[in-house]
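Dear colleague,

I am passing on to you the structure we spoke about, and my notes on it follow just below. Please keep the model open while you read them.

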Amino acid sequence: MTFDEARALFPVLARYAYLNAGSVGPIARPTIAAMERELHRELEEGRGGAERFEAVVELRRRVREALARVLGVDGECVAVTSSTTESCRLVVAGLDLGADDEVVTTDVEHFGLTGPLAASGARVRVAEVRDRQADEAYAAILREIGPRTRLVALSHVAWTTGHELPVGELEQELTVPLLVDGAQSVGAIPVDATPYDFYTVSGQKWLCGPDSTGALYVREPESLRVAAPSYLSQETYEPDGSFSPKPGAARFDPGWTGGAVLEGVLAALEVAPAWRYERASQMAARCRELLAERADVVTEPGHATLVTWRAEGDTKQLVQAAHEQGVVIRELPRLGWLRASCGWWTNEEDLERLVAAVA
Ligand SMILES: Cc1ncc(COP(=O)(O)O)c(C=O)c1O
C-alpha cells in the first residue's frame, strides 16, 4: 500500500490537517465499514442466541491476539479492556495497596494513571521531570524510590512534554513492579512490552480503533489479584460468587464488548502499514523542526510522535482559531502549551497548514 492509498482511507484527512491522534486517532473507511456490517447483522438477525455469543467470544479472542502482536507479547498475557484508564485501575486495585505503601510516578502523567494511584490509598510520590531535560528523568524517578515503594507507574511517552520516559532503564533496575502507561506509545512507536510487569493500550488513539477500546498486558497473570471480576473472568463460579479464574490475563477482562466494536478494532489494526513507525517518526521530526523556527518548543528532538510548544496567548482560543482554519490540535490544560500529534498518515501539507495556523 502506497502512502497516498493509505492516507485516502481516512476521509477526515481530506478536510482537516488532523493532528490530534494523541487524543483520538482518525478513523479509516474499512474500520467503519466493518462496524456497519456487524451492526446490520445485529439489526437483521438479532443479538441473542448461543451461536451469536460464541461468534463474539471468538472475535474477542482474535482481538486479544491482534493486540498482543502489536505489543510483541503472548495473547495469553493480554486482557481486552476499554481504555488505558481501566487497565491502570485493574492493576492498581489488584495490588491491594494500603496506607503504609508508596507508589512512585512523575509529574507528567495523565489522570487516567494518577487517578487510580490516588484512589489506591497508598502514598503517591511524584518525581519532578516536567521542567527538566529528558535525560534527567531517570535519576529524578530513582530518587523517589524507597523501601516502601510497591509500584512504579509512569508513561512510556508523556502526553504533556512528548518525551519518552526511561521505562526500559527502570525495568532493568527495579525490584518492584513497573506499570507502563502505553496510551501515547502503542501504535505510535515500536513497542516490545515483554519485559514489563504491566503495559496498557488505548485503542482509540494511535491504533485508530473505535472509542472505548484498549488492552492490558500482564506478564504474570496468576500473580495479580482479580480485583474487579466480570462474567468473563471466571471459568466456574459458586452461588456466593467465589470463582476459579480463567487461565491467563483473560481473567482481567472487565466486561462485554459488542461485536461491532471488536470488528472495528480488527479492521483498524489491519489498516496500519508496515512502514508506520518510520513515517510517523519522520513527520514528528519535521513538525518539530518547522515549529522550532517559530515557537518555543518543549519536546526535545528524537522523541516520539507528539510535539508540544509554549503558546503565547489563550490556548483555548488558539486551538479554536486553528480549528477554524482546518487544523486540529489540542491544548494542555493549565500549562499554556499546545500539542500536535503526527501519525504515519501525516503529510507535509498538514504541517504547512499547522505552521500557517499557529504562526
Ligand atoms: C498518557 C495517557 N494516559 C492515559 C490516557 C487516558 O487514556 P484512555 O482514554 O484510553 O483511558 C491518556 C489520554 O489522553 C494519556 O495521554
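How many residues surround the ligand, and which are the closest? In this model, which is predicted, 14 residues surround the ligand, and the closest are Ser83, Thr85, Gly112, Trp159 and Ser202. Two elements, helix H5 (84-94) and helix H6 (111-119), each give two or more residues to this shell. By type, the shell divides into 10 polar residues, three nonpolar and one charged.

Both of these helices also touch the sheet, which is open and mixed in its pairing, with seven strands in the order E2-E8-E7-E6-E5-E3-E4. Its edges are strand E2 (78-81) and strand E4 (123-127), each of which pairs on one side only, and the twist averages 20 degrees from one strand to the next. At one end of that order, E2 and strand E8 (residues 214-218) pair in the antiparallel sense over four bridges, and there Val80 has Ala215 in E8 as its bridge partner. Helix H5 packs on the sheet against E2, E6, E7 and E8, with its direction at about 30 degrees to that of E8, whereas H6 lies across E3, E4, E5 and E6 and runs at about 160 degrees to E3.

Another contact to look at is the one between helix H3 (residues 29-45) and helix H9 (residues 259-271), which pack at an angle of about 155 degrees with their axes 8 Å apart. Angles over 145 degrees count as roughly antiparallel, so that is how H3 and H9 are described. Their crossing is right-handed, and the residues that meet include Met35 and Leu39 in H3 and Leu266 and Val271 in H9. The residues of this contact divide into nine nonpolar, three polar and two charged.

With best wishes

How values were computed:
Residues numbered from 1 in each chain as written. Predicted model: local features only at pLDDT ≥ 70, side-chain atom pairs only at ≥ 80, totals over all residues. Axes fitted to C-alpha atoms, helices over the stretch in contact; angles between N-to-C directions. Parallel < 35°, antiparallel > 145°, perpendicular 65-115°, else oblique. Left-handed = near helix turned anticlockwise from the far one by under 90°. Contact = placed C-beta atoms within 7 Å. Nonpolar A, V, L, I, M, F, W, Y, C, P; charged D, E, K, R; others polar. Near = placed C-beta within 6 Å. Pairing = 2+ DSSP bridges.
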